[in-house]
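Got the viewer open? Let's take a walk through this one, selection by selection.

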Amino acid sequence: MKNVDIEGSVRLGVKSLRSRAAVNEELRKLQLPENGTVVQLKTRLANDLKRILDNLNRKDFVNLDPYSPKVV
């Protein structure tokens, strides 16, 4: 269900989530809405994960809580 990137950090593979319950569980972890079709939920999850990764790669961004999946 999760992929490991080159740096050794674990990254969620959205395509590997097979059930609605698995998708909802990941959305709950990120405090995202759980309403919609499975396709919409996977898109929402993928977009939020991309936003998190984009913020982590910014030079002017500091993540004060590295264990929190929600980037504000």
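Start with Glu25, Glu26 and Lys29, which are tied together in a network of salt bridges (side-chain nitrogen of Lys or Arg within 4 Å of a carboxyl oxygen of Asp or Glu). Before going on: this is a predicted model, where local features need pLDDT of at least 70, side-chain atom pairs count only at pLDDT 80 or more, and totals for chains, interfaces and linings use all residues. Residues are numbered from 1 along each chain as its sequence is written, and side-chain values use heavy atoms, with hydrogens and water left out.

**The network, pair by pair**

Pick Glu25 and Lys29: their closest N and O atoms are 3.9 Å apart. The two sit 4 residues apart in helix H1, so about one helical turn separates them (helices are DSSP runs of H or I, at least four residues, numbered from the N terminus). Glu25 is partly exposed at 40% relative accessible area, and Lys29 is partly exposed at 41% (buried is under 20%, exposed over 50%, partly exposed in between, with a 1.4 Å probe and protein chains only).

Now swap Glu25 for Glu26. The Glu26–Lys29 bridge comes in at 3.3 Å, N to O, and this pair is 3 residues apart in H1, again about one turn. Is Glu26 buried or exposed? Glu26 is buried, at 6% relative accessible area.

**Another bridge**

Select Arg28 and Glu34 next; their side chains meet in a salt bridge at 3.1 Å, N to O. Arg28 is partly exposed at 48%, and so is Glu34 at 30%. Over the whole structure, a search turns up 4 salt bridges.

**H1 against H2**

Show H1 (20-29) and H2 (38-56) as cartoons. They pack at about 35°, axes 10 Å apart (axes are lines fitted to C-alpha atoms over the stretch in contact, with angles from 0 to 180 degrees between N-to-C directions). For the contact (heavy atoms within 4.5 Å), highlight Arg20, Val23, Asn24, Glu26 and Leu27 in H1, which meet Val38, Leu41, Lys42, Arg44 and Leu45 in H2. By class, that contact has 5 nonpolar, 1 polar and 4 charged residues.

**Into the core**

Last selection: Leu12, Val14, Leu17, Ala22, Val23, Leu27, Leu30, Leu32, Leu41, Leu45 and Ile52. These 11 residues make up the largest nonpolar core (buried Ala, Val, Leu, Ile, Met, Phe, Trp, Tyr and Cys joined through side-chain atoms within 4.5 Å). H1 and H2 each supply at least two of its residues. Just past H1, stop at Gln31, where phi is positive, near 55°.

Notes: Nonpolar A, V, L, I, M, F, W, Y, C, P; charged D, E, K, R; others polar.
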